[in-house]
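Me: Please take a close look at one part of this model, a single residue and its surroundings, and then go on to the charged pairs and the cysteines.

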Amino acid sequence: MQLVAGIVCMVAAANIQYAWTLFVPEITKEFGWSRAAIQTTFTIFVVVQTWLAPIEGYFIDKYGPRVMVLIGGLFTGLSWVVNSYADSLTLYYVGAVIGGIGVGCVYATCINAAIKWFPDKRGLAVGLTAGGYGAGSALTILPIANMLSTSGVSETFWFFGLIQGGIIIVAALFLKAPPKDLVPASGKLAQSRRDYTLPEALRSPVFWVMAAMFIGTVTGGLMAVAQLGVIAQDLGVKDFQVNLYFVTMAALPFALMLDRVMNGISRPLFGWISDHIGREKTMFIAFTIEGLGIVALGTFGHNPWAFLILSGMVFLAWGEVYSLFSATTADTFGTKHVAKIYGVLYCAKGVAALLVPFGNILMEATGTWSSVLYTVAAMDLSAAFAALFVLRPMLIKHHAANAEWAKANGITLAPATAGGH
């Protein structure tokens, strides 16, 4: 019940981030504002959503998941209602702030719940929950695209804002925190029995290595999320008609729908893999696939079919950052204060969001998206090798120190297997 309720909330909150790219060309057409000015809305949303996560973590521990998600649902719906009345960039920016608060409350709470309820299948549970956020908008890509073409920007924002806010508020009523000591720690993976406080985690070098890797991997995916419609237009493949015999649609909405599905699949898939072979090995595999996929997209993206396949490959290997880093945070620092600790680590997504507008600047300076794609691919590949050759050795030492601490405090540890240290 807790897992299903969390996934439903995440599905309903997904549109604000993942359907935004559909609105950008229509807003440009209606108001004539520059792309960079409109995309600032996306950046504001992501920054607010991520950088308030530590504060939301504090309130999750204080008031519980139900209250936090109820507030999140109210703000998530209100965000698009405000957008429906927007006739200036300022109002869109206000809507982005409201949406960032709402989605941040929903996201942080549901991820925190999955971490705490399922310690032995943490990667899979968090992956399924985060997958709801990654794949949720696949259900609404076509309805939103159709409504935009027939009813316009304002009515689409209004209609879907009310729907998504209402769904979150209803699902929130089913959420609750696990009773203390109800769920035991995993015996399969190395997981800290010591609960680190936020200041203790911030003093750990492991935390900052994970933060740097998070920024490196999430930047490329965020850029693709925000700019995919623009990239498709500039590569000349946006209006290519994809004929699948039973349905024909333009390349961009098809790519967006495919990408949402792949993004959603990647989170539980790689989360499940990490439960069996370890988080760092899984990071190496996924980040390498993403880096190579982005390089190929920059090289062959002018071909419509290559654009579809490679963008799907990029999203398949990108979505898992949200299951792997959250699970690794709980494994490394314990679960008592994980909402606050992962909240701070999740701010890395906000840092990455600040880099998204530079994609347009770099593209305009070089005249090609290839320069942008190759840059973020290098960041992905750097993070992949860091996972195996920097993070893994550090975690081995970290868990060895935790084992000594547990022994000194009379805590018996089950032996870690299946990829644990």
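Reply: The part chosen is T219, in a model that is predicted. Beyond its neighbours within four places in sequence, T219 is in contact with A352, L355, V376 and M379. T219 itself sits in helix 12, which spans residues 205–235. With a relative accessibility of 1%, T219 counts as buried, because buried means under 20%. Its side chain also reaches back to the backbone: the oxygen of I215 is 2.7 Å away.

Next come the charged pairs. Side chains of opposite charge can pair when their charged atoms come close. Searching the whole structure gives 5 salt bridges. In one of them, D331 meets R122, with 2.9 Å from N to O. This pair links distant parts of the chain, as D331 belongs to helix 16 (residues 321–333) and R122 to helix 8 (residues 122–135), 209 residues apart. Both D331 and R122 are buried.

Another salt bridge joins the side chains of R279 and D275 at 2.8 Å, N to O. R279 is buried, and D275 is buried too.

A further salt bridge is formed by E280 and R392, whose closest N and O atoms are 3.6 Å apart. E280 is in helix 14 (residues 279–300) and R392 is in helix 18 (residues 370–408), so this salt bridge ties together parts that lie 112 residues apart in sequence. E280 has a relative accessibility of 2% and therefore counts as buried. R392, at 18%, also counts as buried, because the cut-off is under 20%. As for shared partners, salt bridges join R122, D275, R279 and D331 into one network.

The cysteines are the last item. The number of disulfides is 0, where a disulfide would need two cysteine sulfur atoms within 2.5 Å. For C110, the nearest cysteine sulfur belongs to C9 and is 4.6 Å away, so by the 2.5 Å cut-off C110 is in no disulfide. C110 counts as buried because its relative accessibility is 4%. C347 has a relative accessibility of 16%, and so C347 counts as buried as well.

To return to the starting point, T219 is a buried residue of helix 12, with its side chain 2.7 Å from the backbone oxygen of I215 and with contacts that include A352 and M379.

Terms used:
Residues are numbered from 1 along each chain as its sequence is written. This is a predicted model: local features need pLDDT of at least 70, side-chain atom pairs count only at pLDDT 80 or more; totals for chains, interfaces and linings use all residues. Side-chain values use heavy atoms; hydrogens and water are left out. Buried means under 20% relative accessible area, exposed over 50%, partly exposed in between (1.4 Å probe, protein chains only). A salt bridge is a side-chain nitrogen of Lys or Arg within 4 Å of a carboxyl oxygen of Asp or Glu. Helices (H or I, at least four residues) and strands (E, at least two) are DSSP runs, numbered from the N terminus. A polar contact is a pair of N or O atoms within 3.5 Å; within protein, one must be able to donate a hydrogen and the other to accept it, and residues adjacent in sequence count only if both atoms are side-chain atoms. Contact means heavy atoms within 4.5 Å.
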